[in-house]
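Let's take a walk through this model together, with an eye on its aromatic rings and its nonpolar side chains. Keep the 3D view open as you read.

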Amino acid sequence: MNTFRIYIGFLIGFIFYLNASAQESRYKDLIKPEGISSKKYIVSMSGLGDIEFLKPVNINLGMSFSAGFRVLSKPKLNSGKSVYSSKVVERELYIKPTFGYIYRKRYNTGLFFIPSLAYRHTFYKAFFTEVSIDVGYLYTKLNAPTYERQPDGTFKKVSFGYHNIMVGGKILAGYDFSKNMKTPIAIQFGTGIFYRYPSNQKWIRHIYAELGISYIFRKIKE
């Protein structure tokens, strides 16, 4: 009799084990990484502090406005402590057209357009890093009367600005509230470098700091 009870208990326990395993596999199939079937766009506004390495060193302030269009997404699913709490890492590639300005007091205002290629890595806890490559155009509009020396020794007033090529890159870090808290805001800060040409017929290096805020659009694909 005792043997029969032990057998029945073992059988019941085995049935519960099989049922739990089946349910676990079932829910594993149902859990999908967030963002796989969604669209995502980013609109950002940032303050800039540009350091110009001339003699003397100049620090110039400015702002930038950008839009990020995701062209590639490859989320990574990390298993959590439970199959019901999966952890998703977002790995994304963006094209980011950026407009902005840098104001140089008593000299010029630099108006720029930069189409960037950016890789963004968002960890499951919503912290992110972003690295971009920048190639763009800079127009420096003169803020004060400026004169250029002519070949014959005379001086002529310059009534326009200068056209420059910009080449550089930057790295950002921040926190994306839209990932876990469902608030469509992200904050970011970072630093970058760019070279502009021509300026006195040579490349001029700039290092700058950036602090900004972004609005994140997430939309599930139908």
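**Rings, cores and a surface patch**

Phe127, Tyr175 and Phe177 are linked into a cluster by ring pairs. Bear in mind that the model you are looking at is predicted. The count of aromatic pairs comes to seven. One of them, Phe127 with Tyr175, is edge-to-face, with 4.9 Å from centre to centre and 75° between the planes. Phe127 belongs to strand β6 and Tyr175 to strand β9, so this pair ties together parts that lie 48 residues apart in sequence.

How buried or exposed are these two partners? Tyr175 has a relative accessible area of 16%, and because buried means under 20%, Tyr175 counts as buried. Phe127, at 49% relative accessibility, is partly exposed; the label "exposed" is kept for values over 50%.

Another ring pair worth finding is that of Tyr215 and Phe217. Their ring centres are 4.7 Å apart and their planes meet at 55°, so the pair is tilted, since edge-to-face would need over 60 degrees. Tyr215 is partly exposed, with a relative accessible area of 39%, and Phe217 is also partly exposed, at 40%.

Now turn to the interior. In soluble globular proteins, nonpolar side chains tend to be buried together. Which residues make up the largest nonpolar core here? There are eight: Leu48, Ile102, Phe112, Ile114, Leu138, Met166, Phe194 and Tyr208. Phe194 is a good place to centre your view. Beyond its neighbours within four places in sequence, Phe194 is in contact with the core members Ile102, Met166 and Tyr208. Its contacts also include Asp50, Val167, Gly168, Ile204, Arg205 and His206. A second core, separate from this one, has six residues, among them Ile42, Tyr94, Phe128 and Ile216.

Finally, look at the outside. Where do you find nonpolar side chains on the surface? Ile133, Val135, Ile165, Val167, Tyr195 and Trp203 form a nonpolar patch there, and together they have about 560 Å² of accessible area. Strands β6 (127-142) and β9 (162-176) each supply at least two residues of this patch. These strands are familiar from the ring pair described earlier, with Phe127 in β6 and Tyr175 in β9. Ile165, one of the patch residues, sits in strand β9 and counts as partly exposed at 44% relative accessibility. Val167 appears in the patch and also among the contacts of Phe194, which is itself a member of the largest core.

Technical notes: Residues numbered from 1 in each chain as written. Predicted model: local features only at pLDDT ≥ 70, side-chain atom pairs only at ≥ 80, totals over all residues. Heavy atoms only, no water. Patch = residues over 30% accessible without salt bridge, like charges linked within 9 Å, V, L, I, M, F, W, Y side chains within 5 Å. Areas by Shrake-Rupley, 256 points an atom, 1.4 Å probe, with all protein chains shown as cover. Salt bridge = Lys/Arg side-chain N within 4 Å of Asp/Glu carboxyl O. Helix = DSSP H or I, 4+ residues; strand = E, 2+ residues; numbered from the N terminus. Buried < 20%, exposed > 50% of the residue type's maximum accessible area, 1.4 Å probe, protein only. Core = buried A, V, L, I, M, F, W, Y, C linked by side-chain atoms within 4.5 Å. Contact = heavy atoms within 4.5 Å. Phe/Tyr/Trp six-rings, centres within 6.5 Å; stacked < 30°, edge-to-face > 60°.
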